[in-house]
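Student: I should like to take a close look at a single part of a protein and then follow how it relates to other places in the chain. May I ask for a guided account of it?

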Amino acid sequence: MTDTEGEHYEAVVVGAGPGGAAAAARLADAGVETLVLERGVDAGSKNVSGGVIYAEESAPYTIDGLFPGFRDAATERPITTNYIHNIAGDRVKTFDISDLHHHDTEWADAVLRRRMDSWLAREVHERTRETGGGLLTDVRVNGLLRERGEIVGVTCDEIDPIRADLIVAADGVNSELARDAGLMDWEEPEEWFQGVKAVVDMPADLIEERFGIGPDEGEAHLFSGDLYEGVRGGGFLYTNEDSLSIGNVFHLDSIVEERAEVSDLLDALLTHPLLGQWLDEDYVELEYSAKLVPDSKKVAHTSPHRDRLVLVGDAAGQMQAQGPIIKGMNHAVTAGALAAEAFVDAKGRGRAHSAGELYQRKLEEEGVMAKLRPPAYRVSRAVAENDRVTDLVDTVTTSVVGRMGLRAMESTVERLFNSPLMMSVLPDTSSAYVTVPTVLAEELGDRVTHENDVEPPDLGDRIGDLTYDVGEPHIEVLDRSWEASGAAVTACPVSSMDYGGGCYRAETVETNGHEEQVVSLDTQPCVECGTCAVVADTEWTHPSGGKGVEYKQG
C-alpha cells in the first residue's frame, strides 16, 4: 500500500532464486503482503549453478513441498547414480559414490537455472498477488534504507525506496545488501570457490545411449587429480534432459596462487580421453558461464540478520561444499522458508522485530548450521590444513609405502568416499584434491583409450555467444598496478593473458622513463561473477536492472 512516505509492504524479498521463491511462497501462504524484486529481465537470467538440487529427508522444507508440480515442470533429469573419477594422465580410477549422495536424500534432480527459476517466479507472482504484492523484474536493489540508524527498507535504481517490516536478502553470492549491512565481505580468496561451466548440446536419446541410462535416470560425474595444473578443486558433469552441464569448481585462492586461466582448465576437462566416451567432434556449447561460490565451512553466517533484514542462500554463505558434497539450492530453500516462518511466528506474538533472532534459532535447531559448518571440520581444520601436515601427507602418499597402502586399501577407499562424516572433514588442501586422487589413479587406475575429438571454442567465441544489454560501467579499478589487481587478468573467467577482448587486460605503460605493467578494465563482457571484487582492488556493484549478461541456460 502507499502512504506519504512511499511504498510499504509487510515483506520485501530481494532475488527470485530458490531461496527468495521459498521465502515469498511461505510468506504469501500465511497471508503476508509480499513484494519480490528481481534484477534480471526474468528470474534465472542472472543465475548459474552446476547444478543439482536436493530434497533432504531431514530438511523441514523441500522445494517440491512448497511448490507442488516442481519436479515435472522445472527440473531436468533425476540424478540416480554418482561417480568420482581420480585422474593421472590417461589413467583413471573410478568409484561409485551413490551411497554418499543418497544419504539423507529423498531425491536429487539436475537443473538449469533459467528454466527452473522462471517457473518458480511465475508461481510466486500468482501467490504473492493474492496478498497485495507481486513480483517485479528489471529492478536492482542497490542498498538499505535506514531511519535513525535502523534498517527499515531498501533503495533501488529504478523505483522509489520501499519500506518493509521484513527484508529478505536472497540476492545471491554478490549480495550488496549483506555487504551494506556489514554482515558479509569480499576480503579473503580462501573463503570462496569459483565455478565455471559449459552447457553442451546433446539430444535426449543420445544421452541415454552414451551413458547407458533410461529416460527417468541421470548421472553425476566428478573429476579430480592431475589434469588441473595443481589447482585445488575438481570437475563435474551432470546429465540434463537434452544437454550436459560440464564444469569445474576451484578454490579461488588456488587459482590466484597458480595464476591459472580457468577457461583453459575447463578445456583440459573437456578434451580429456575419459570424456571421449560421451563427447565427439559434433561438440556444441550452448552457453559458457561462471559464478563465485561461498565456502560455508568458513563463511556461512552464524547470525544472518540485522534489524529487519535476514540473509538467505548464497547471500548468507549457505553453500555446502565439502569434497564431493556440493549442495546449495536446497539449503537456500530451507533458509528462505524458515525466515518466512520466523517472521510469521514473531508477528503472531506481536514481536515482528524479533524475526531475525528467531530465524537464527530455527537454522540451528533444524540442523542447517551443523550441515553448513560441520563441528568435526572445525575441530580437524587446525591440524589437517597446516602446511607442514599437508607436506607430510603428500610425502607419505607418494612414497613406496604410501602407494602400497593405497593398493591394499582399495575397497576401504571407496567406503571412505561414501562416508558423510569423512567427506565433511575433508581438508581443503592439495593433498585431498590433487595428490591422493593422482596416486589413486596411478596405482589403481586403468588406462583410458577413448578418442576425444572435441575442439572447444576459444574464449572470444564463448564470450561472443553470450547475450548482453550493456549499461553504465559497474566496476571501477581503484588500483591499476599489477601487484594490486593483476590477479584478475588470469582469475577472471572472461579474461586471459593472451586474449585482449575480456574484462581485464594486461598493459605495459611507460612511467618516468621505465616500463610498468598495469591492468585495464572493460565491463562490457562481464559475466558478473564477482571474482575481481575478491582478487583485485575494485569498487564492484551489479549492473542496473535488466542490464549486463543474460543467461539463457544458467
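Student: Is C532 buried or exposed?

Tutor: This is a predicted model, and every value below is computed from it. In this model C532 has a relative accessible area of 7%; buried means under 20%, so C532 is buried.

Its bonding state can be considered next. The number of disulfides in the model is zero, where a disulfide requires two cysteine sulfur atoms within 2.5 Å. C532 takes part in no disulfide, for the nearest cysteine sulfur belongs to C526 and is 6.3 Å away. A second cysteine, C503, can be examined in the same manner. The closest cysteine sulfur to that of C503 is in C492, and because the two are 4.5 Å apart, they are too far from each other for a bond. C503 has a relative accessibility of 3%, so C503 also counts as buried.

Another cysteine, C529, leads to a residue elsewhere in the sequence, N174. A polar atom in the side chain of N174 lies 3.5 Å from the backbone oxygen of C529. The side chain of N174 also reaches the backbone oxygen of E528, here at 3.1 Å. N174 itself sits in the loop that runs between β11 (162-169) and α6 (176-180). Although N174 is in a loop, its relative accessibility is 5%, so it counts as buried. When neighbours within four places in sequence are left aside, the residues in contact with N174 include E528, C529 and G530, together with W540 and H542. R179, W186 and L292 are in contact with N174 as well.

A buried position may also lie in a helix, and P18 provides an example. P18 belongs to helix α1 (residues 18-29), and with a relative accessibility of 4% it counts as buried. Residues up to four places away in sequence are not counted here: P18 touches R113, M116, D117, L120, M329 and V333.

Some of these partners introduce the packing of two helices. Two packed helices are described by the angle between their axes and the distance between the axes. The axes of α1 and helix α5 (residues 113-129) come within 9 Å and cross at roughly 20°. Angles under 35 degrees count as roughly parallel, so α1 is roughly parallel to α5. The crossing of α1 past α5 is left-handed. On the side of α1, the contact is made by P18, A21, A24, A25, A28 and D29. On the side of α5, it is made by R113, M116, D117, L120, V124, R127 and T128.

A charged residue can be treated in a similar way. K362 is in helix α12 (residues 355-365), and its relative accessible area of 11% means that K362 is buried. The side chains of K362 and E341 are joined by a polar contact of 2.6 Å. Apart from neighbours within four places in sequence, K362 is in contact with L338, E341, A342 and D345.

Loops offer a contrast in the backbone. E229 lies in the loop between β13 (219-225) and β14 (233-239), and its phi is positive, about 55°, although E229 is not a glycine. Its relative accessibility is 57%, so E229 counts as exposed. R259, in the loop between α8 (252-258) and α9 (262-270), likewise has a positive phi, near 50°. With a relative accessible area of 39%, R259 is partly exposed.

Definitions and conventions. Residues numbered from 1 in each chain as written. Predicted model: local features only at pLDDT ≥ 70, side-chain atom pairs only at ≥ 80, totals over all residues. Heavy atoms only, no water. Helix = DSSP H or I, 4+ residues; strand = E, 2+ residues; numbered from the N terminus. Buried < 20%, exposed > 50% of the residue type's maximum accessible area, 1.4 Å probe, protein only. Polar contact = N/O pair within 3.5 Å; in protein donor to acceptor, adjacent residues only side chain to side chain. Contact = heavy atoms within 4.5 Å. Axes fitted to C-alpha atoms, helices over the stretch in contact; angles between N-to-C directions. Parallel < 35°, antiparallel > 145°, perpendicular 65-115°, else oblique. Left-handed = near helix turned anticlockwise from the far one by under 90°.
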